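Me: I am new to this one and would like a friendly tour. Could you show it to me, and then take my questions one at a time?

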Amino acid sequence: MASFLDSRRGYDHFEKVEKEAEDRIASFVNRFWLPPEKGTKIVFLDDNPPIIEEHQLRIDGNWRNWISCLSIVGQPCPLCESGDKPYTAGFYTIIDTTEWTDKKGIVHKNEVKLYCVKFQTLKKLKRASAKQSERGKNGLVGAMFEVYRGDSKAPSTGDEFEYLETLSDVDIRALNPKAAILDYEAILKPKSPDEIRRILGKLSSTASDFNSEEDIQY
Ligand SMILES: [Zn+2]
């Protein structure tokens, strides 16, 4: 007799699940964030960030869920309709020079990350970009900053920026030979209204603290 398990049995199915998990990891882009009272050095790979309205949702206690607001493509947004307020965010690609060791003991350094900053930080970076251009540089491209996060109330992308130097392409390659500007089209691609409604349905059944501000990281 046919069973719903027929298509889910055995190692072929497991391989499919494994493949899906790998794809998820491959398409997952790491967003830069700093713990309070910590700093590091970052290098901008680009400037003139794409700027969109974005929602951040807490799902199963996890804040690492970002959804582009459908208003950016001129559609009614189910998240806005549900009362969630989007914020304005600009996106840069950076190299994060922070060194860290994973569970397998592999040391990571100079990783390419998505640097998503909100309105106030965007204003600071706009000024910093203009300053670099006045100095004859290509805006923030290649600019290395010491970035520091004052306290837990400060943006997790840091609130103090100190310009150090501008790196050449060769310098950047030396840090990370694979460094390339991230594919914003793919990362920020709006979901369909149905997909967003499905996520909303999941939320209303699991969380009553939908709009809680605690533990926000991004
Ligand atoms: Zn929206």
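Reply: Happy to. One definition helps before we start: a patch is built from residues with over 30% relative accessible area and no salt bridge, and like charges are joined within 9 Å. Please keep in mind that this is a predicted model.

Me: Which residues gather in a patch of positive charge on the surface?
Reply: Lys and Arg are the residues that count as positive here. One member of the patch, Lys-131, sits in helix α3, which covers residues 119-134. The full group that gathers on the surface is Lys-123, Lys-124, Lys-126, Arg-127, Lys-131, Arg-135 and Lys-137.

Me: How many salt bridges are there?
Reply: A salt bridge needs a side-chain nitrogen of Lys or Arg within 4 Å of a carboxyl oxygen of Asp or Glu. With that rule, the count is 3.

Me: With which residue does Glu-54 form a salt bridge?
Reply: Glu-54 belongs to strand β2 (residues 51-59), and its partner is in the loop between α1 (10-27) and β1 (38-44), 23 residues apart, so the pair links distant parts of the chain. Both residues are buried. The closest N and O atoms are 2.9 Å apart, and the partner is Arg-31.

Me: What about Lys-113: which side chain does it meet in a salt bridge?
Reply: Lys-113 lies in strand β7 (residues 111-118), while the partner lies in strand β4 (residues 87-96), 17 residues apart; this pair too links distant parts of the chain. Both partners are buried. The N to O distance is 2.8 Å, and the partner is Asp-96.

Me: What separates Asp-194 and Arg-197 along their helix?
Reply: Their side chains meet in a salt bridge at 3.2 Å, N to O. Asp-194 is exposed at 52% relative accessible area, and Arg-197 is partly exposed at 46%. Because they are 3 residues apart in helix α6 (residues 193-206), the separation is about one helical turn.

Me: How many disulfides does the structure hold?
Reply: A disulfide would need a pair of cysteine sulfur atoms within 2.5 Å. Cys-69 is buried, with a relative accessible area of 1%, and Cys-116 is buried as well, at 2%. The number of disulfides is 0.

Me: How far apart in space are Leu-175 and Thr-97, C-alpha to C-alpha?
Reply: Leu-175 is in helix α4 (residues 169-175) and counts as partly exposed, at 26% relative accessibility. In sequence, Leu-175 and Thr-97 are 78 residues apart. In space, their C-alpha atoms are separated by 8.4 Å.

Me: Which residues make the nonpolar surface patch?
Reply: One of them, Val-17, is found in helix α1. Val-17 has a relative accessible area of 38%, which means that this residue is partly exposed. The patch has an area of about 360 Å² and is made by Tyr-11, Phe-14 and Val-17.

Me: Is Asn-48 buried or exposed?
Reply: Asn-48 has a positive phi of about 50° although it is not a glycine. This residue is in the loop between β1 and β2. Its relative accessible area is 69%, and the cut-off is over 50%, so Asn-48 is exposed.

Me: And Asn-110, buried or exposed?
Reply: Asn-110 also has a positive phi, near 55°, without being a glycine. Its place is in the loop between β6 (107-108) and β7. With a relative accessible area of 10%, set against a cut-off of under 20%, Asn-110 is buried.

Technical notes: Residues are numbered from 1 along each chain as its sequence is written. This is a predicted model: local features need pLDDT of at least 70, side-chain atom pairs count only at pLDDT 80 or more; totals for chains, interfaces and linings use all residues. Side-chain values use heavy atoms; hydrogens and water are left out. Patches are made of residues with over 30% relative accessible area and no salt bridge: like charges are joined within 9 Å, nonpolar side chains (Val, Leu, Ile, Met, Phe, Trp, Tyr) within 5 Å. Accessible areas come from the Shrake-Rupley method with a 1.4 Å probe; for residues, only the protein chains shown count as cover. The place of a charge is taken as NZ of Lys, CZ of Arg, CG of Asp or CD of Glu. Helices (H or I, at least four residues) and strands (E, at least two) are DSSP runs, numbered from the N terminus. Buried means under 20% relative accessible area, exposed over 50%, partly exposed in between (1.4 Å probe, protein chains only).
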